[in-house]
Amino acid sequence: MATTINLICQRCLEPAATDIKADVQLWLLRDEARADRLPDDADFLVLDEDGRIDLADALEDELILALPLAPMHENCVVYPVAESEDAEVEAPKRENPFEVLASLKGRTEKE
Ligand SMILES: [Zn+2]
């Protein structure tokens, strides 16, 4: 499964379209007891009484696991390239995107 979502580029803090790929292998079980027969690391979903599952939820979980910790533009340019001398460029501070999200969330909740 592959998709493209906008994540905040950790260098320039602009949205960056990021390709996410997740290898999803889900076993669909009618009965949770059958999970015993699956390999230990197998992911499985148990169908509800109507034989349905919340696939969107399951896929969302898989995608979240596949998110890069520090998304960035493939060719991100923030500052003009110094052509003179050996200008030392400070490494951009990398923030954990989840911390950024958490702080944003906290901010909106206070209002
Ligand atoms: Zn960028």
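**Exercise 1. The zinc site**

What arrangement do the four donor atoms around the zinc ion make, and why? Work it out on this predicted model.

*Solution.*
Step 1: list the donors. They are C9 (SG), C12 (SG), H73 (ND1) and C76 (SG). These atoms lie 1.9 to 2.3 Å from the zinc ion.
Step 2: take the angles. The four donor atoms subtend 104 to 125°.
Step 3: apply the test. Four donors count as tetrahedral if all angles lie between 85 and 135 degrees. The arrangement is therefore tetrahedral.
Step 4: read the spacing. Along the chain, the donors of the zinc ion follow C-x2-C-x60-H-x2-C.

**Exercise 2. Exposure of two donors**

Classify H73 and C76 as buried, partly exposed or exposed.

*Solution.*
Step 1: recall the cut-offs. Buried means under 20% relative accessible area, and exposed means over 50%.
Step 2: place H73. Its relative accessibility is 27%, so H73 counts as partly exposed.
Step 3: place C76. Its relative accessible area is 10%, so C76 is buried.
Step 4: set this against the whole chain. The protein has 111 residues, and 16% of them count as buried.

**Exercise 3. Fold order and the hairpin**

Give the order of elements from the N terminus, then describe how β1 pairs with β2.

*Solution.*
Step 1: count the elements. There are two helices and four strands.
Step 2: put them in order. The elements run β-β-β-β-α-α.
Step 3: pair the strands. Strand β1 covers residues 2-8 and strand β2 covers residues 15-21. The two run antiparallel and are joined by seven bridges. I8 stands opposite P15 in β2.
Step 4: look at the turn. β1 and β2 form a hairpin, with six residues between them. L13 sits in this loop. Its phi is near 60°, a positive value in a residue other than glycine.

**Exercise 4. The two faces of β2**

Sort the side chains of β2 by the face to which they point. Which of them are buried?

*Solution.*
Step 1: collect one face. A16, T18 and I20 point to it, and these residues are buried.
Step 2: collect the other face. P15, A17, D19 and K21 point there and are not buried.
Step 3: state the pattern. Side chains alternate along β2.
Step 4: follow D19 to a distant part of the sequence. L67 and D19 are 48 residues apart in sequence. Their C-alpha atoms are 9.1 Å apart in space. L67 lies in the loop between α1 (55-66) and α2 (97-110). With a relative accessible area of 22%, L67 is partly exposed.

**Exercise 5. Charge and nonpolar surface**

Find the salt bridge, and name the residues of the nonpolar patch on the surface.

*Solution.*
Step 1: count the salt bridges. The total is one.
Step 2: identify the partners. The side chains of R52 and D50 meet at 3.2 Å, N to O.
Step 3: check their exposure. R52 has a relative accessible area of 52%, so R52 is exposed. D50 is at 58% relative accessibility and therefore also counts as exposed.
Step 4: turn to the patch. W27, F44 and V46 form it. Together they have about 250 Å² of accessible area.
Step 5: locate one member. W27 is in strand β3, residues 26-29. Its relative accessible area is 40%, so W27 is partly exposed.

Key. Residues numbered from 1 in each chain as written. Predicted model: local features only at pLDDT ≥ 70, side-chain atom pairs only at ≥ 80, totals over all residues. Heavy atoms only, no water. Donors = N, O, S within 2.8 Å, 3.2 Å for Na, K, Ca; no water. Tetrahedral: all angles 85-135°; square planar, octahedral: opposite > 155°, others 65-115°. Buried < 20%, exposed > 50% of the residue type's maximum accessible area, 1.4 Å probe, protein only. Salt bridge = Lys/Arg side-chain N within 4 Å of Asp/Glu carboxyl O. Patch = residues over 30% accessible without salt bridge, like charges linked within 9 Å, V, L, I, M, F, W, Y side chains within 5 Å. Areas by Shrake-Rupley, 256 points an atom, 1.4 Å probe, with all protein chains shown as cover. Pairing = 2+ DSSP bridges.
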